[in-house]
Amino acid sequence: PATGHLACGGSGVGRLPEPADIVREMEETQARGKTLAGKKVLVTAGGTLEAIDPVRFIGNRSSGKMGYAVAQEAAQRGAEVVLVAGGTVALADPPGIRVLHTESALAMREAVLQEAADAAVVIKAAAVADYRPKERAKQKIKKNDAELTLVLEKNPDILMELGARKRETQILVGFAAETQNLLAYAQEKLKKKNLDLIVANDVTCPDAGFNTETNLVKIIGRDGSIKELPLLSKQKVAKTILDAIESLQK
Ligand code: PMT
């Protein structure tokens, strides 16, 4: 849907796009063709939830919209798509895509490692918690007058593990959500995790990052190339990411 003035009097996402835009979009999709046919693409989306007790958790604000847009774009290009969603996702499963719902980083790791072995492309848009509570209380923690201290232990870095076991022909794409030193931190992650591309996500911009319809990113290549995108819908960002991946395959 387009954004702007709505019949209900408000303003936002929900307008019927201009017919010319619909036609252009259809023509572009048709022209693009099934360029990923025969390829398995694994995508992760959303944030992980790390349980404190049966009713509480540590989490983050990732909605899964960015990862779902990437998965849908890959499916439109003919790929066999597996989407591993974290516990914060409340989106409907997209048609034609195998969705594996997980909750915590450990559960996401298990699903991802299993599915990554025969994937031609892995794209990790998920916001994985770096830490989880060391103890998960069996019963709801009762409040008292004292302070409560939670001890956190480190979660495994799933992307780092994928980088370490990456096959020669596999393309591995990470995201980097940063609030400062965007390029430097993203480039550091690209090298450290043995990635082919990293999507550097400026999450300080109000319309970009977590739980927004649009995003502001730079796509950084292993060869040092940097493609800077303006603020775009997550669908358009997904298209550009898939174009960058396809150009690596040529
Ligand atoms: O879901 P939305 O609401 O649409 O929001 C989209 C988004 C902001 C979550 C997305 O665009 C994004 O930036 N995703 C990455 C968020 C993140 O956790 O970045 P990071 O810099 O902490 O992690 C770097 C990379 O390592 C990521 O690809 C992440 O999936 C991966 N990682 C991180 C930690 C960990 N323990 N395991 C991992 O695999």
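**Close-up views of the ligand and the two largest pockets**

**View 1. Residues of three classes make up the shell around the ligand.** In this predicted model, the shell divides into 13 nonpolar, eight polar and seven charged residues. There are 28 residues around the ligand, and those that come nearest are S62, S63, K189, N201 and N211.

**View 2. Polar atoms of S63, P156 and I158 lie a few ångströms from the ligand.** For S63, an N or O atom of the side chain is 2.6 Å from an oxygen atom of the ligand. P156 takes part through its backbone: one of its backbone N or O atoms lies 3.0 Å from a nitrogen atom of the ligand. I158 also has a polar backbone atom at 3.1 Å from a ligand nitrogen atom. On its own, the ligand has 780 Å² of accessible area, and the protein covers 96% of that area.

**View 3. The ligand takes up the space of the largest pocket.** Which elements give two or more residues to the shell around the ligand? They are the helices α2 (65-76) and α4 (158-164) and the strand β11 (171-178). The element that gives the most is β11, with four residues.

**View 4. The largest pocket has a volume of about 980 Å³.** Its lining is made of 43 residues, and A126, A127, V128, D130 and K189 are the closest to the pocket centre. K189 is also among the residues that come nearest to the ligand. Elements with two or more residues in this lining are α2, α4, β11, α5 (182-192) and β12 (197-202). Sorted by class, the lining holds 20 nonpolar, 12 polar and 11 charged residues.

**View 5. The second largest pocket holds about 760 Å³ of space.** Its lining has 21 residues, of which P1, A2, S233, Q235 and K236 are the closest to the centre. How many residues of each class are found in this lining? There are seven nonpolar, seven polar and seven charged residues.

**View 6. Four elements each supply at least two residues to the lining of the second largest pocket.** These elements are the strand β1 (2-5) and the helices α1 (19-32), α2 and α6 (234-249). Which of the elements gives the most to this lining? The answer is α1, with five residues. Helix α2 appears in this list and also among the elements that line the largest pocket.

How values were computed: Residues numbered from 1 in each chain as written. Predicted model: local features only at pLDDT ≥ 70, side-chain atom pairs only at ≥ 80, totals over all residues. Heavy atoms only, no water. Near = heavy atom within 4 Å. Polar contact = N/O pair within 3.5 Å; in protein donor to acceptor, adjacent residues only side chain to side chain. Areas by Shrake-Rupley, 256 points an atom, 1.4 Å probe, with all protein chains shown as cover. 1 Å grid on protein atoms, 1.4 Å probe; cavity = no way out; pocket = protein on both sides within 12 Å on 5 of 7 lines; lining within 4 Å. Sits in = over half its atoms within 2 Å of the grid points. Nonpolar A, V, L, I, M, F, W, Y, C, P; charged D, E, K, R; others polar. Points joined across faces, edges and corners; volume = space filled by probe spheres on them.
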